[in-house]
Every structure is written in structure tokens, then in C-alpha cells.
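Reader: I am new to this structure and should be grateful for a close look at one part of it. Please choose a single loop together with its surroundings, and then set that part within the whole chain.

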Amino acid sequence: YTGRRDEQTGAVVPDPRGNVVVFPFVDGGSEVGAKYRGPNKQFWQPKGGKRTFWNADVLDDPALHDGRHALVITEGEIDALSLSQVFGNKWAVVSLPTGATGAP
């Protein structure tokens, strides 16, 4: 979804006209963290979020466990979204929580 930075708190709040793309990190059906992409390819994450794969809930898919689907791990969320669009439900796609750098 999209959001914008609140001028008073600096927090990202949902806003359909915002200039920040929000990649929510969901685990067990609940948002446990987020990564933000702002203008000029600026990325950041709020402190205190759980380190997990983006799209982690796909790891619970029985088709992955019995071999009907392959697991693909990508560097970033946009890569994972792209592969999900191309291959649909045939692959289980996740991305690394901090990209290839592993930086906090």
C-alpha cells in the first residue's frame, strides 16, 4: 500500500496519495514489521519490527511442503512481487528482510 510521513511524528501513515510504498511484513496473518520505499529509492525500516521474510505466510502452504510448489527467495520485495505476478500460485516466493546487504 502507499503512505506518507506524518509531519509531526515522522511515522508512515496509510495514504492512497502518499509518496511512500509500504511493504508490510506479515507473519501468522499479522503485520510484524514493514519496509518503506520513499522518493529517490530511499529505503528504511522502523525499529522493533520482527526480522522475517516478506510474504512469510506462504511458507505455511501445504503445496510447498509436499513439493508441488518450489520456494524462491529473492533479494527484494519488488523482485518477489514480479515473480508472483508472472508465476502465480505455482511458486512460493519470499524476499530477504533487508535485501542482499543484510544491514539492519
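Author: Lys 41 is a suitable place to begin: its relative accessible area is 58%, so it counts as exposed, the threshold for that class being over 50%. The model in view is a predicted one. Lys 41 belongs to the loop that joins β4 (30–38) to β5. Its backbone deserves attention, for its phi is near 60 degrees, a positive value in a residue that is not glycine. Most residues other than glycine have a negative phi.

Beyond this loop comes strand β5, which covers residues 42–44. Phe 43 is found in this strand. With a relative accessible area of 41%, Phe 43 is partly exposed, because that value falls between the limits of 20% and 50%. When neighbours within four places in sequence are set aside, Phe 43 is in contact with Lys 35, Tyr 36 and Arg 37. Strand β4 runs over residues 30–38, so these three partners of Phe 43 lie within the range of that strand. A further relation concerns Val 20, which stands 23 residues from Phe 43 in sequence and 9.4 Å from it in space, C-alpha to C-alpha.

Tyr 36, one of the contacts of Phe 43, also takes part in an aromatic pair. The structure holds two such pairs. In one of them, Tyr 36 and Trp 44 are tilted, with 5.4 Å from centre to centre and 50 degrees between the planes. Both Tyr 36 and Trp 44 are buried. Arg 5 is placed over the face of Trp 44, at 4.0 Å from the ring centre.

The other pair consists of Phe 87 and Trp 91, whose rings are stacked, at 3.8 Å centre to centre and 15 degrees between the planes. Phe 87, at 31% relative accessibility, counts as partly exposed. Trp 91 counts as partly exposed too, at 30%. Trp 91 is also among the residues in contact with His 69. His 69 lies in the loop between α1 and β6 (70–74), and at 19% relative accessibility it counts as buried, since the limit for that class is under 20%. Leaving aside neighbours within four places in sequence, the contacts of His 69 include Asp 61, Ala 63 and Leu 64 on one hand, and Asn 89, Lys 90 and Ala 92 on the other.

To return to strand β5, the loop that follows it leads to α1 (62–65). Two of its residues may be considered in turn. Thr 52 lies in this loop and counts as buried, at 12% relative accessibility. Apart from residues up to four places away in sequence, Thr 52 touches Phe 25, Asp 27, Val 32 and Pro 97. Asn 55 has its place in the loop between β5 and α1 as well, but at 28% relative accessibility Asn 55 counts as partly exposed. Like Lys 41, with its positive phi near 60 degrees, Asn 55 has a positive phi, near 75 degrees.

Lys 35, which was named above as a contact of Phe 43, is also in contact with Gly 99. The place of Gly 99 is in the segment after β7 (91–95). At 13% relative accessibility Gly 99 counts as buried. Its contacts, neighbours within four places aside, are Lys 35 and Glu 75. Gly 99 and Thr 74 are 25 residues apart in sequence, and their C-alpha atoms are 8.2 Å apart in space.

These parts may now be placed within the whole. The protein has two helices and seven strands, arranged along the sequence in the pattern β-β-β-β-β-α-β-α-β. Of its 104 residues, 32% are buried. The C-alpha trace spans about 50 × 25 × 25 Å along its principal axes. Among contacts between residues at least 6 apart in sequence, 31% join residues at least 24 apart. The accessible surface comes to about 6800 Å², and carbon and sulfur atoms account for 53% of it. As for charge, there are 11 positive and 12 negative side chains, and the centres of the two sets are 5 Å apart.

Methods
Residues are numbered from 1 along each chain as its sequence is written. This is a predicted model: local features need pLDDT of at least 70, side-chain atom pairs count only at pLDDT 80 or more; totals for chains, interfaces and linings use all residues. Side-chain values use heavy atoms; hydrogens and water are left out. Rings of Phe, Tyr and Trp (its six-membered ring) pair if their centres lie within 6.5 Å; planes under 30 degrees apart count as stacked, over 60 as edge-to-face and the rest as tilted. Buried means under 20% relative accessible area, exposed over 50%, partly exposed in between (1.4 Å probe, protein chains only). A charge sits over a ring if NZ of Lys or CZ of Arg is within 6 Å of the ring centre and within 35 degrees of the ring normal. Helices (H or I, at least four residues) and strands (E, at least two) are DSSP runs, numbered from the N terminus. Contact means heavy atoms within 4.5 Å. Accessible areas come from the Shrake-Rupley method with a 1.4 Å probe; for residues, only the protein chains shown count as cover. Lys and Arg count as positive and Asp and Glu as negative; His and the chain ends are not counted. The place of a charge is taken as NZ of Lys, CZ of Arg, CG of Asp or CD of Glu.
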